[in-house]
Amino acid sequence: MLNGFKNFIMRGNVVDLAVGVVIGAAFTGLVNAFTASFLTPVINFIGAPDKATGLSVPLGKGVLDFGAFLSAVITFVMTAAVLYFLVVLPMNKLAERRNKGKEPEPAPVTEDIRLLTEIRDALVAARVPAQAARQESEHSADR
């Protein structure tokens, strides 16, 4: 039982997932700091303050705050754009350069192609003895 647990924990997927979660948590702090330090002041400078006044509607005892939602959407789009252009795009370019000289792996043979190949080989194997016998009879007739 413990051996099975050890095998489960040591599988690459579990370790990769754990590393991804830890890195994701650390990256969340980085993104939050970037948003608070750079993006929010830019949004406020442009003229869309954190809570855009005038974009809220009273609803009974509550308030529909469209301004806060709009601000969150703008922050999300700007954060996604910055992450794409400063992290994802350079990483993709780097991976592309690394794989430039490598030849892509051939696609695996599908089941239907494998079966068709076997049928072809069986037909060729069945034809060869018949052709050999026919050629032998033609040679003996010529003599």
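Reader: Before we start, what does partly exposed mean here?
Author: Partly exposed lies between two cut-offs: buried is under 20% relative accessible area, and exposed is over 50%. Keep in mind that this is a predicted model.

Reader: Fine. Is Arg114 buried, partly exposed or exposed?
Author: Arg114 has 36% relative accessibility, so it falls in the partly exposed class.

Reader: Which side chain meets Arg114 in a salt bridge?
Author: Glu111 does, at 2.4 Å from N to O. Glu118 also forms a salt bridge with Arg114, and there the closest N and O atoms are 2.4 Å apart.

Reader: Where do Arg114 and Glu111 sit along the chain?
Author: Both belong to helix α4, which covers residues 111–142. They are 3 residues apart, so about one helical turn separates them.

Reader: And Glu118, how many residues from Arg114?
Author: Glu118 is 4 residues from Arg114 in helix α4. That spacing is again about one helical turn.

Reader: How accessible is Glu111?
Author: Glu111 is at 47% relative accessibility, so it counts as partly exposed.

Reader: Same question for Glu118: what is its relative accessibility?
Author: Glu118 is at 41%, so this residue is partly exposed too. Through shared salt-bridge partners, Glu111, Arg114 and Glu118 join into one network.

Reader: How many salt bridges does the structure hold?
Author: There are 3. One of them pairs Arg120 with Asp121, whose closest N and O atoms are 3.0 Å apart.

Reader: Is Asp121 buried, partly exposed or exposed?
Author: Asp121 has a relative accessible area of 39%, so it is partly exposed.

Reader: Switching topic. Which residues make the nonpolar surface patch?
Author: Phe27, Leu30, Tyr84, Phe85, Leu86, Val87, Val88, Met91 and Leu94 make it. The patch comes to about 840 Å².

Reader: Which helices each supply at least two of its residues?
Author: Two helices do: α2, residues 12–46, and α3, residues 66–98.

Reader: Which one gives the most?
Author: Helix α3, with 7 residues of the patch.

Reader: Take Phe85. Where is it?
Author: Phe85 sits in helix α3.

Reader: Buried or exposed?
Author: Phe85 is exposed: its relative accessible area is 52%, and the cut-off is over 50%.

Reader: Why can Phe85 count towards a patch at all?
Author: Patch residues need over 30% relative accessible area and no salt bridge, and Phe is among the nonpolar side chains considered. Phe85, at 52%, therefore clears the area cut-off.

Methods
Residues numbered from 1 in each chain as written. Predicted model: local features only at pLDDT ≥ 70, side-chain atom pairs only at ≥ 80, totals over all residues. Heavy atoms only, no water. Patch = residues over 30% accessible without salt bridge, like charges linked within 9 Å, V, L, I, M, F, W, Y side chains within 5 Å. Areas by Shrake-Rupley, 256 points an atom, 1.4 Å probe, with all protein chains shown as cover. Salt bridge = Lys/Arg side-chain N within 4 Å of Asp/Glu carboxyl O. Buried < 20%, exposed > 50% of the residue type's maximum accessible area, 1.4 Å probe, protein only.
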